[in-house]
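This report is written for someone meeting the structure for the first time. It moves from charged pairs to aromatic rings, then to helix packing and finally to two single residues.

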Amino acid sequence: MATDAPPAASRIAVVTGASSGIGAATARRLAAAGYRVVLTARRKDRIEALAEEITAAGHQATAYALDVTDRAAVDEFATAFKTIGVLVNNAGGALGADPVATGDPADWRQMYETNVIGTLNLTQALLPKLIASGDGTVVVVSSTAGHGTYEGGAGYVAAKHGAHVLAETLRLEIVGRPVRVIEIAPGMVKTDEFALTRFNGDEDKAAKVYEGVAEPLTADDVADTITWAVTRPSHVNVDLLVLRPRAQASNTKVHRDL
């Protein structure tokens, strides 16, 4: 995808959850589009290796180990910047697929902390830097789970609804400021870790999520979409973009060749 390089004042892009999956793919795409990407995640070795890969490809990348739920650490991280151009709130994830009656409150709490409070922490800490750039963009990577519920998904659905509402409300509150708020809501995306993490490493359960689906979305499909939205002209705001594989009509309607 060919794009003009972003203006110098807006060239820094912070990507959370950049150690794998959509976050890592987004970092690669934004770096190729001319941004100096700052990779954040808890797994320092992963983001350092990705930063080296991106640098070796002739682009600019820096790794910064960060837990988005640790507000003190997030605030310290934010002091490193006078301005930034883009914040991609990608850190998140699902835990379990239990019904409401038996869901683990600890899993619910962790999903809310990562998907919602983590997004809040980074957005609050970096919003002044985005405004100072004169042309900032906040991206919230939510999910189709944030727009429709399904059985066995209430904890994750609740968290992603929270992320959706955060983005929607922020857009209302900062209208007139030089910052766009973009929500990208992917449906079924097959990555190395999402389903495995959700099912606590159970490979059989993880495989069944994608069983018979010819072409679920890939992390790069989502990263391509994020980069497209970010690189639109400054006056163009992609408020909400839902993307699914062709085989998925809704959260509960998926065509499978079995």
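## Two residues in salt bridges: R29 and D220

The model is a predicted one, and a good place to begin is D220, which is partly exposed, with a relative accessible area of 35%. The side chain of D220 forms a salt bridge with R29, and the closest N and O atoms of the two are 2.7 Å apart. This pair links distant parts of the chain, since R29 belongs to helix α1 (residues 21-32) while D220 belongs to helix α8 (residues 219-230), and the two residues are 191 residues apart. R29 also counts as partly exposed, because its relative accessibility is 24%, a value that falls between the 20% below which a residue is buried and the 50% above which a residue is exposed.

## Salt bridges within single helices

How many salt bridges does the structure hold? There are seven salt bridges, and among them are two that each lie inside one helix, as the positions of their partners show. In helix α2 (residues 44-56), K44 and E48 are joined by a salt bridge with an N to O distance of 3.9 Å. The two residues are four residues apart in this helix, so about one helical turn separates K44 from E48. Both partners are partly exposed: K44 has a relative accessibility of 48%, and E48 has a relative accessible area of 35%.

A corresponding arrangement is found in helix α3 (residues 71-78), where D75 and R71 are likewise four residues apart and therefore separated by about one helical turn. Their side chains meet in a salt bridge at 2.9 Å, N to O. D75 is partly exposed, with a relative accessible area of 34%, and R71 also counts as partly exposed, at 30% relative accessibility. Elsewhere, salt bridges with shared partners join R29, D220 and D224 into one network.

## Aromatic rings

Which arrangement do the rings of F77 and F81 adopt? By the rule used here there are three aromatic pairs, and the one formed by F77 and F81 is edge-to-face, with 5.2 Å from centre to centre and 75° between the planes. The label follows from the angle, because planes over 60 degrees apart count as edge-to-face.

F77 and F81 are both buried. Ring pairs also bring in a further residue, since Y64, F77 and F81 are linked into a cluster.

## Helices packed against each other

Two packed helices are described by the angle between their axes and the distance between the axes. For α1 and α2, the axes come within 11 Å and cross at roughly 25°. These two helices are therefore roughly parallel to each other, given that angles under 35 degrees count as such. The crossing in which α1 passes α2 is right-handed. On the side of α1, the residues that meet α2 are A24, A27, R28 and A31, and their counterparts in α2 are L50, E53 and I54.

A second packed pair is formed by α3 and helix α4 (residues 105-133), whose axes come within 9 Å and cross at roughly 20°. That angle makes α3 roughly parallel to α4, and the crossing of this pair is right-handed. From α3, the contact is made by R71, V74, D75, F77 and A78, and from α4 by N121, L122, Q124, A125, L126 and K129. R71 and D75, partners in a salt bridge, thus appear in this contact as well, as does F77, which takes part in the aromatic pair with F81.

## Two buried residues and their surroundings

T119 lies in helix α4 and counts as buried, because its relative accessibility is 4%. When neighbours within four places in sequence are left aside, T119 is in contact with N89, T114, V140 and L166.

Is V179, in strand β6 (residues 179-186), buried or exposed? V179 counts as buried, at 10% relative accessibility, since values under 20% meet that description. Leaving aside neighbours within four places in sequence, its contacts are L127, L130, I131, G136, T137, V138 and I174. V179 and D135 are 44 residues apart in sequence, while the distance between them in space is 5.9 Å, C-alpha to C-alpha.

Methods:
Residues numbered from 1 in each chain as written. Predicted model: local features only at pLDDT ≥ 70, side-chain atom pairs only at ≥ 80, totals over all residues. Heavy atoms only, no water. Salt bridge = Lys/Arg side-chain N within 4 Å of Asp/Glu carboxyl O. Buried < 20%, exposed > 50% of the residue type's maximum accessible area, 1.4 Å probe, protein only. Phe/Tyr/Trp six-rings, centres within 6.5 Å; stacked < 30°, edge-to-face > 60°. Axes fitted to C-alpha atoms, helices over the stretch in contact; angles between N-to-C directions. Parallel < 35°, antiparallel > 145°, perpendicular 65-115°, else oblique. Left-handed = near helix turned anticlockwise from the far one by under 90°. Contact = heavy atoms within 4.5 Å.
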